[in-house]
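Student: I would like to take a close look at a single part of this model. Could you take me through it in one connected account?

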Amino acid sequence: MLQQYAGSIGTAAMAVIIAIGGAGIQNGATAVLSGSRLAFIVLFCFTVAIALLAFALLASLKRQPPGR
């Protein structure tokens, strides 16, 4: 149930980002293209941030002494 809820929030958030990215553009196809580009950039930034945090976590776990 929580996974479905998270998926619906993610879908709604991407719809809002696409709408914001296409705001003010008269041509519908161009507006969707511009909004989708913005959504891709946002998701890419999240992916990079998560990867960096994962590598930092792995590095900190390697530095801890055994048994902790």
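Student: How are helix 1 and helix 2 oriented to each other, and why?

Tutor: Since this is a predicted model, what follows describes the computed coordinates. The protein chain holds 2 helices and 0 strands, and the part you ask about is where these helices meet. Two packed helices are described by the angle between their axes and by the distance between those axes. Here helix 1 covers residues 2–21 and helix 2 covers residues 28–63, and their axes come within 7 Å of each other while crossing at roughly 125°. An angle between 115 and 145 degrees is neither roughly perpendicular nor roughly antiparallel, and helix 1 and helix 2 are therefore oblique to each other. As for the hand of the arrangement, helix 1 passes helix 2 in a right-handed crossing.

On the side of helix 1, the contact is made by Met14, Ile17, Ile18 and Gly21, while helix 2 contributes Ala31, Val32, Ser34, Gly35, Ser36, Leu38, Ala39, Val42 and Leu43. Sorted by character, the residues of this contact comprise 9 that are nonpolar and 4 that are polar, with no charged residue among them.

To place the contact in its setting, one can follow helix 2 to other positions along its length. Leu58 also lies in helix 2, and with a relative accessibility of 46%, which falls between the 20% and 50% limits, Leu58 counts as partly exposed. The C-alpha atoms of Leu58 and Ala29 are separated by 43 Å, the two residues being 29 apart along the chain. Arg63 is likewise placed in helix 2, and because its relative accessibility is 66%, Arg63 counts as exposed. From Arg63 to Cys45 there are 18 residues in sequence and 27 Å in space, taken from C-alpha to C-alpha.

The chain as a whole gives the wider frame for these details. Along its principal axes, the C-alpha trace of the protein chain spans about 60 × 25 × 10 Å, and buried residues account for 10% of its 68 residues. With its 2 helices and 0 strands, the protein chain has a radius of gyration of 18 Å, which is well over the 11 Å that the globule rule gives for 68 residues, so the chain is more spread out than a compact globule.

Conventions. Residues numbered from 1 in each chain as written. Predicted model: local features only at pLDDT ≥ 70, side-chain atom pairs only at ≥ 80, totals over all residues. Heavy atoms only, no water. Axes fitted to C-alpha atoms, helices over the stretch in contact; angles between N-to-C directions. Helix = DSSP H or I, 4+ residues; strand = E, 2+ residues; numbered from the N terminus. Parallel < 35°, antiparallel > 145°, perpendicular 65-115°, else oblique. Left-handed = near helix turned anticlockwise from the far one by under 90°. Contact = heavy atoms within 4.5 Å. Nonpolar A, V, L, I, M, F, W, Y, C, P; charged D, E, K, R; others polar. Buried < 20%, exposed > 50% of the residue type's maximum accessible area, 1.4 Å probe, protein only. Rg over C-alpha atoms; globule rule 2.2 N^0.38 Å.
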